[in-house]
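Please look through the sequence and the model below, and follow the account from one residue outward to the whole chain.

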Amino acid sequence: MSENQLVKALAVVVGGTTIAQILNFLMQPFVTRLYTPAQFGMFGMFSSGVSILLIIVTLSYEESVIVAENTECAQKLFFGTIFVVLIATVMIAMTVFAGKNLIVSVLHVKDGKWLYFLPISAGIYGIYNLLVAYNYRLEMHRDIAVSAIVRTFALGMMQCALAFCGMGYLGLVIGYVLSLFFGCASLAKNLIHSNIRKANIVLRDISREMMQYKRFPLYQLPANFINHFTSEISVFAIGILYTADTLGIYALVNRVLSMPISMISEVLRQLIMRKLSLHDMDLRQSRLYMYKLVMVIAIIWIIPLAVLLLWGEAIFVLVFGSAWQGIGKFIRVMAGLYCIRFIVYPLTGIAVVNQKQKKLLGFQILQMTGVIVCSVLAYAFQFSVFYYLMIQSITLSVIYVLQGITCIRILGRK
């Protein structure tokens, strides 16, 4: 793929993701008026569980499909990963059914019906990510973008429709599962037109190929798991320590504040990686480029941050409904952290280009440790949710700042 083709492919995928995120935001005011904060809290715990289990069901093998040496290797890895997903899904289902009462007791939830949807959701999501990887392999970037939009639209429509069926929070859960089916269906058609249906699949060959790419479950899996676990552990901590309403409000604020990171920061990260990989700047120019970029990113966030701090609750209540009163305190405590994440995340591209992933893994472990320590302290000393979020935000902000400084300093050693 040429440089221009790479840029166009990146633009298509990022554009589709951005449209999906905007569509998701536009549909949220309808969904939040049909479900209560407590119901959103239960759904938040479910989606966080899926996010963590998703890493386990694929063992990160889906990434190997993209980088496989040739098409035959990719096909073997594809079928091997499907087998891994099926086995993992069955094992998770057995664990959930056997330990449901214990899980409900530990998580302090009144209704554990959502647990039954965890295995199938993680399994389908794993297949979806595998299909995305194979479509990347086929260079079907437009279809990947369309699938993200289809999933988001199906999610909003299904959750709204199921709200009128009197299913409570399960409407959110089932809508989530059905949206994954739609996403898979939109990508699976390319398998029919590819040579994968003509592949000569031998179990021994699949096993040999998966052993050759064992570095993904050995090294990439721990990094991905730590990253997802760190992002989702706060949801379980708040669900255990506080009420379902509190968890629902936190989940909504977290989702809204995370959107700029997933939409804009990812584009900036790709831009940094692409710029550095061209090797068209010396050390001084590279550092000056990064300092300017950091300033631009910070300026982008100044006005939204000020608006959130001053009128955040009024805006959220106006957009998402009167049931979300009291959300302003959460915004004021959390907004600063997300501002710092928005600035630092693009800089991690520096470490990736210079093959310093171990440093990123170290900071991920540090972030996970910080969240766990804050959660334990909140449990031991019975902190209020706002004090808990405040000390966690300060802790993670310091770690993110150190991570950003480290990434910039890497330029001096290249």
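In this predicted model, I405 lies within helix α15, which covers residues 385-410. Its relative accessible area is 45%, and because buried means under 20% and exposed means over 50%, I405 counts as partly exposed. I405 also belongs to a nonpolar patch on the surface, which it forms together with Y387, M390, I394, V398, V401 and L402. Taken together, the residues of this patch have about 610 Å² of accessible area.

Another helix to follow is α12, which consists of 18 residues, 327-344. At 1.5 Å a residue, a helix of this number of residues should span 26 Å, and since the C-alpha atoms at the ends of α12 are 26 Å apart, the expected span and the model agree. The helix nevertheless has a bend of about 40°, located at M334. M334 is itself one of the buried residues of α12, and the others are I327, G328, F330, I331, A335, L337, Y338, C339, F342, I343 and V344.

Turning to the protein chain as a whole, one finds 15 helices and 0 strands. Of its 414 residues, 50% are buried, while the accessible surface of the chain comes to about 20,000 Å², with 67% of that area belonging to carbon and sulfur atoms. How much of the contacts with a separation of 6 or more comes from residues 24 or more positions apart? Such residues account for 83% of those contacts in the protein chain.

Definitions and conventions. Residues numbered from 1 in each chain as written. Predicted model: local features only at pLDDT ≥ 70, side-chain atom pairs only at ≥ 80, totals over all residues. Heavy atoms only, no water. Patch = residues over 30% accessible without salt bridge, like charges linked within 9 Å, V, L, I, M, F, W, Y side chains within 5 Å. Areas by Shrake-Rupley, 256 points an atom, 1.4 Å probe, with all protein chains shown as cover. Salt bridge = Lys/Arg side-chain N within 4 Å of Asp/Glu carboxyl O. Helix = DSSP H or I, 4+ residues; strand = E, 2+ residues; numbered from the N terminus. Buried < 20%, exposed > 50% of the residue type's maximum accessible area, 1.4 Å probe, protein only. Expected span 1.5 Å × (residues − 1). Bend = angle between axes of the 7 residues up to and from the residue. Contact = heavy atoms within 4.5 Å.
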